[in-house]
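Thanks, everyone. I'll take one residue and then the packing. Here is the model.

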Amino acid sequence: MEIQIRKAGNATILDLNGAIRLGETEQKFRNQVDQLIESGSTHLAVNLAGVPELDSSGIGALVRAFGSVKRAGGKCTFYAPTQRVRMLLKMVRLDSVLDIVDDEATALSRV
């Protein structure tokens, strides 16, 4: 998985490319979020358009990121999930817990 980071105002955007699964990819995402929080970036918009699938560890990584940012006093919004990822998050009822929107503009207005 690749993670591209860019800034938009006070928000940090993470463009994810690749599946988030148990092991290296899930750890890489968690480490990146932790580093951003430690450096003071607590307004994150996470682009899920390039994530074709998640396993239970990937779902856990999204939940942990959301919680970590919230505990740090910030906001975390996920946007543009693929249909498969959106259905998976809906199946496990996280669509009502995580902040998930359709596009970048909406995500940036929320962080």
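Asp 15 counts as buried, because its relative accessibility is 16% and the cut-off for buried is under 20%. Keep in mind that this is a predicted model.

Where does Asp 15 sit? It is in strand β2, which runs over residues 11-17.

Now its side chain. Which side chains make polar contacts with that of Asp 15? Arg 6 is one, at 2.6 Å. Asn 47 is another, at 2.9 Å.

Next, the contacts of Asp 15 as a whole. I skip residues up to four places away in sequence. That leaves Glu 2, Ile 3, Gln 4, Arg 6, Asn 47 and Tyr 79.

On to the nonpolar packing. In soluble globular proteins, nonpolar side chains tend to be buried together. In this model, the largest nonpolar core has 27 residues. Which of them touch the most other members? Leu 16, Phe 29, Leu 62, Phe 78 and Leu 89 do.

Six elements each supply at least two residues of this core. The strands are β2, β3 (43-50) and β4 (75-79). The helices are α1 (24-38), α2 (56-71) and α3 (83-91). Which element gives the most? That is α2, with six residues.

Take Leu 89 from that core. Again I leave aside neighbours within four places in sequence. Leu 89 is in contact with Leu 54, Ile 59, Leu 62, Leu 94, Asp 95, Leu 98 and Ile 100.

Apart from the largest core lies another one, of five residues. Among them are Ile 13, Tyr 79, Val 101 and Ala 107. We have met Tyr 79 already: Asp 15 touches it.

How values were computed. Residues are numbered from 1 along each chain as its sequence is written. This is a predicted model: local features need pLDDT of at least 70, side-chain atom pairs count only at pLDDT 80 or more; totals for chains, interfaces and linings use all residues. Side-chain values use heavy atoms; hydrogens and water are left out. Helices (H or I, at least four residues) and strands (E, at least two) are DSSP runs, numbered from the N terminus. Buried means under 20% relative accessible area, exposed over 50%, partly exposed in between (1.4 Å probe, protein chains only). A polar contact is a pair of N or O atoms within 3.5 Å; within protein, one must be able to donate a hydrogen and the other to accept it, and residues adjacent in sequence count only if both atoms are side-chain atoms. Contact means heavy atoms within 4.5 Å. A nonpolar core is a set of buried Ala, Val, Leu, Ile, Met, Phe, Trp, Tyr and Cys residues joined through side-chain atoms within 4.5 Å.
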